[in-house]
Amino acid sequence: MAVIQDVHGHTHDHPTGIMRWLTTTNHKDIGTLYLCFSLAMLFVGGFLAMGIRAELFMPGIQILEPEVFNSFTTLHGLIMVFGAVMPAWVGFANWQIPLMIGAPDMAFARLNNWSFWLLPIAALLLITSFFVPGGAAAGGWTFYPPLSTQGGIGTDMMLFAIHIFGMSSIMGSINIITTILNMRAPGMTLMKMPMFVWSWLITAYLLVLVMPVLAGAVTMVITDRNFGTSFFNAAGGGDPVMFQHIFWFFGHPEVYIMILPAFGVISEVIATFSRKPLFGYTSMVYAIAAIALLSCFVWAHHMFTVGMPVTGQLFFMYATMLIAVPTGVKVFNWTATMWRGSMTFETPMLFAIGFIVLFVIGGFSGVVCAIVPVDVQVQDTYYVIAHFHYVLVSGALFALFAGAYYWLPKWTGHMYSETLGKWHFWLSMIFFNVAFFVQHFLGLAGMPRRIPDYALQFADFNMISSIGAFGFGLTQLLFVYIVIKCVRGGEKAADKTWEGATTLEWTHLPSPAPYHSFETPPVVK
């Protein structure tokens with residue numbers, strides 16, 4: 001125990017060692033726990049991806065039996081979504097939101113601790129489900145009935161793990177909403193908040209809206225499996241397609257839950273390294289809100305092949321395409337922020353620009369998938385795999401890297417190695433595209449997803465994809481080395497880490513306009 005004196009002069013026993021981390025209510029400690037957990041889960045999910053790509057390196061069954069392969073694909077998706085990306089963003093929120101809005105801590109400090117410690121329990125349950133009879137081979141991370149209403153205890157464990165992940169997300173979201181709405185510093189109005197805080201406020205509302213819907217779907221599958229109900233059993237009067245509607249009403253907003261905080265981070269990074277205020281701040285806020293709202297009305301574009309009426313197909317096709325409008329606004333604003341800015345290309349900026357370029361490619365392939373007659377052809381092929389990895393890996397993951405490099409000096413007090421950071425970016429960029437770009441061609445040629453064996457015609461592209469995936473996976477070990485090296489020491493970070501003013505400073509300081517801006521064009525002498 002360490003004795004700590006508070007601002008009133010009272011002394012308190014403060015736990016040290018393992019008890020400090022188990023019982024902490026400090027938002028920075030909890031943020032660190034979230035980030036470390038998500039990094040560990042990134043490598044667990046990455047290991048499963050390596051297994052999948054090793055099996056697909058050549059035609060035929062090499063390494064994984066079909067049932068094991070199915071379990072790998074199921075767990076890879078669930079671990080990456082619920083174990084890696086979402087906890088990482090909550091970790092960023094815990095670290096940054098109180099600092100950015102001038103709050104002393106999160107609103108519900110003990111709830112904050114509890115919402116983190118649910119995660120290792122859920123992850124343990126999920127990973128263990130692989131090792132029990134039947135495994136977690138419930139037909140992918142979407143666990144559609146009737147595949148998920150059959151099988152052994154492994155599927156039950158997987159379903160309970162999803163419940164616990166969902167509880168953690170809801171508690172974290174309530175905490176974030178309350179903190180932002182009630183604990184801002186005097187003078188910090190909503191339209192003066194940094195863009196990262198806005199992106200998380202909207203994300204948290206989205207989570208509170210859709211997570212209980214997932215809980216309902218999971219509960220119905222559990223009762224179908226164990227208590228004789230027939231929600232999704234056609235023989236008992238149920239409807240397996242109803243599950244898809246309920247699941248995707250959660251599942252599509254979930255995609256935006258993983259990408260909206262990324263938009264906030266990219267907005268912070270681009271403005272700092274362009275040395276200009278963010279172009280179109282107000283339109284950015286409205287664009288994020290519009291994306292979140294529209295995401296709740298497009299869920300059935302995942303279901304164009306289930307026999308939906310043509311009017312339904314048309315509605316979901318047009319609604320999906322409409323999301324491209326606010327997304328385009330954001331990309332335009334980022335580009336306009338960089339336009340005639342005094343740009344420098346440190347590692348966070350490289351990842352931010354890489355994010356924009358690759359995320360736009362993912363967006364274009366998303367518009368392709370929104371077109372009903374095209375989607376009927378590419379549904380459940382590797383084209384869809386390529387699309388959502390461009391959105392979630394070069395999207396969410398690259399933004400996480402950008403944010404990590406951007407704030408590491410703030411978090412640790414030390415500078416990371418800029419040279420190694422740039423190596424990390426360029427290797428990630430190259431190997432990512434080698435791994436996933438060719439999957440567009442595989443999908444257009446008709447290779448279905450979630451299969452361990454394939455026709456000889458797909459062999460070459462699969463080999464290229466596997467080589468890229470292994471290169472990308474190994475590159476992330478470099479990131480771990482950079483972070484550990486930074487945490488353990490190195491060059492001391494300056495009080496003002498980056499030469500350009502941060503977006504927070506642009507918003508609140510009466511600083512002169514930058515030389516290159518839209519308001520004051522440079523004078524040519």
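The exercises below work through a predicted model of one protein chain.

Residues are numbered from 1 along the chain as its sequence is written. In this predicted model, local features need pLDDT of at least 70, side-chain atom pairs count only at pLDDT 80 or more, and totals for chains, interfaces and linings use all residues, while side-chain values use heavy atoms, with hydrogens and water left out.

**Exercise 1. Confidence**

Find which helix has the lowest mean pLDDT (the predictor's confidence in each residue, from 0 to 100).

Solution. Start with the chain: its average pLDDT is 92, and 92% of the residues score at least 70. Next, go through the elements; helices (H or I, at least four residues) and strands (E, at least two) are DSSP runs, numbered from the N terminus. The lowest mean, 46, belongs to helix α16 (residues 503-508), and the highest, 98, to helix α14 (residues 418-444).

**Exercise 2. Overall form**

Decide whether the chain is as compact as a globular protein of its length.

Solution. First list the elements: 16 helices and two strands. Then take the radius of gyration (over C-alpha atoms) and the globule rule (2.2 Å times the number of residues to the power 0.38). The radius is 23 Å and the rule gives 24 Å for 525 residues; these are close, so the chain is as compact as a globular protein of that length.

**Exercise 3. Length of helix α9**

Check the span of helix α9 (residues 310-322), then state what its buried residues pack against.

Solution. The expected span is 1.5 Å times one less than the number of residues. For the 13 residues of α9 this gives 18 Å, and the end C-alpha atoms are 18 Å apart, so the two agree. Now pick out the buried residues (under 20% relative accessible area; exposed is over 50%, partly exposed in between; 1.4 Å probe, protein chains only). In α9 they are Gly312, Gln313, Phe316, Met317, Ala319 and Thr320. These pack against α10 (324-338), α11 (347-370) and α12 (372-378).

**Exercise 4. A residue in a loop**

Is Met303 buried or exposed, and which residues does Met303 contact?

Solution. Locate Met303 in the loop between α8 (281-295) and α9. Its relative accessibility is 0%, so Met303 counts as buried. Contact means heavy atoms within 4.5 Å. Leaving aside neighbours within four places in sequence, Met303 contacts Val241, Gln244, His245, Trp248 and Met308. Finally, compare positions: Met303 and Asp375 are 72 residues apart along the chain, yet their C-alpha atoms are separated by 9.5 Å.
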